[in-house]
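Student: I have a new structure open and I'm not sure how to read it. Could you walk me through a few features?
Tutor: Sure, let's take them one at a time.

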Amino acid sequence: MIKYFSRYPMRLIFLFLTIVSMIVIFMFSAENSDDSSKTSGNITKTVVETLVNDYDELPPAKQQSILDKAEHIIRKTAHFTIYMSLGLWASCTVGKRRLICGKSAAVLVYCFFYACTDEIHQSFSPGRSCQFTDVLIDTGGALVGILISMLAFSLVNLISKHRSSQKISI
């Protein structure tokens, strides 16, 4: 294992980022429902106030309706985004490969199982629940992160080939 990382030092950085993503996910899942609602509520209010021009002039009932709808979207987007980072960093840790291969599938399965354990962990936090739809959203985010990493690997490979062909022709 140490030999693996000594040959590819960047993978050690990606492993660190993978672990950081997992810790952040764990910490968010450990929040009780009041703290979680407060966190997402503050973010939602900031987003809504930024995007809805006349928000302050709307009646309180209309403001609350907008906040309620937006909060659901913000919460699900947060699930997707944080798992996208997990998928990205875990995929980069594994390294360059074809998109459809055992290593790519293993990263996706890893993220899926982490999402499952995360939802179970979350159910032990007061007022929180375990939802399989969140696991699916998380896994979708991880898949997008894996696809982003594959795109990045392809671009780096393309740039590298282009540079090496320029050196030869000079």
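Student: Let me start with a pair of residues. Are Lys76 and Asp134 buried or exposed?

Tutor: Keep in mind that we're looking at a predicted model. In it, both Lys76 and Asp134 are buried.

Student: What do Lys76 and Asp134 form with each other?

Tutor: Here's the general idea: side chains of opposite charge can pair when their charged atoms come close. In this case Lys76 makes a salt bridge with Asp134, and their closest N and O atoms are 2.6 Å apart. This pair ties together distant parts of the chain, since Lys76 sits in helix H4 and Asp134 in helix H6, 58 residues apart.

Student: How many salt bridges are there?

Tutor: The count is three salt bridges. Another one joins Arg75 to Glu71, with 3.8 Å between the closest N and O atoms. Those two share helix H4 and are four residues apart, which is about one turn of the helix. Arg75 is partly exposed, at 27% relative accessibility.

Student: And what about Glu49, which residue is its salt-bridge partner?

Tutor: That's Lys45, and the closest N and O atoms of the two are 3.9 Å apart. Because Glu49 and Lys45 are four residues apart in helix H3, about one helical turn separates them. Glu49 has a relative accessible area of 40%, so look for a partly exposed residue there. Lys45 is partly exposed too, at 39% relative accessibility.

Student: Next, rings. How do I describe two of them together?

Tutor: A pair of aromatic rings is described by the distance of the centres and the angle of the planes.

Student: How many aromatic pairs does the structure hold?

Tutor: There are three aromatic pairs. Take Tyr83 and Tyr114: their ring centres lie 6.4 Å apart and the planes make an angle of 50°, so this pair is tilted. It also links distant parts of the chain, with Tyr83 in helix H4 and Tyr114 in helix H5, 31 residues apart. Tyr83 is buried, having a relative accessible area of 1%, and Tyr114 is buried as well, at 16%.

Then compare the rings of Phe112 and Phe113. Their centres are 5.4 Å apart and their planes meet at 65°, so that pair is edge-to-face. Phe112 counts as partly exposed at 25% relative accessibility, and so does Phe113 at 49%.

Student: Tyr114 was in H5. Which residues of H5 are buried?

Tutor: The buried residues of H5 are Ser104, Val107, Cys111, Tyr114, Ala115, Cys116, Asp118, Glu119 and Gln122.

Student: How far apart should the ends of H5 be?

Tutor: You can work from a rise of 1.5 Å a residue: the 22 residues of H5 should span 32 Å, and the end C-alpha atoms are 31 Å apart, which agrees. Try that on H4 as well. Its 35 residues should span 51 Å, and 50 Å separates the end C-alpha atoms, which agrees. After H4 comes Gly95, with a positive phi near 105°.

Student: What about contacts that the sequence alone wouldn't show me?

Tutor: Look at both the sequence gap and the distance in space. Ser91, in helix H4, is 56 residues from Leu147 in sequence, while their C-alpha atoms are 8.8 Å apart. Ser91 is buried, with a relative accessible area of 0%. Arg128 gives you another case: this residue is in the loop between H5 and H6, and it is 95 residues from Ser33 in sequence but 5.5 Å away in space, C-alpha to C-alpha. Arg128 is buried, with a relative accessible area of 15%.

Student: Last one: the largest pocket. Which residues lie nearest its centre?

Tutor: Ser36, Arg75, Ala78, His79 and Arg128 do, out of 26 residues in the lining. You've already met Arg75 in a salt bridge with Glu71. The largest pocket holds about 590 Å³ of space.

Student: Which helices build the lining of the largest pocket?

Tutor: H2, H3, H4, H5 and H6 each supply at least two residues of the lining. H4 gives the largest share, eight residues. By character, the lining has seven nonpolar, twelve polar and seven charged residues.

Definitions and conventions. Residues numbered from 1 in each chain as written. Predicted model: local features only at pLDDT ≥ 70, side-chain atom pairs only at ≥ 80, totals over all residues. Heavy atoms only, no water. 1 Å grid on protein atoms, 1.4 Å probe; cavity = no way out; pocket = protein on both sides within 12 Å on 5 of 7 lines; lining within 4 Å. Points joined across faces, edges and corners; volume = space filled by probe spheres on them. Nonpolar A, V, L, I, M, F, W, Y, C, P; charged D, E, K, R; others polar. Salt bridge = Lys/Arg side-chain N within 4 Å of Asp/Glu carboxyl O. Buried < 20%, exposed > 50% of the residue type's maximum accessible area, 1.4 Å probe, protein only. Expected span 1.5 Å × (residues − 1). Phe/Tyr/Trp six-rings, centres within 6.5 Å; stacked < 30°, edge-to-face > 60°.
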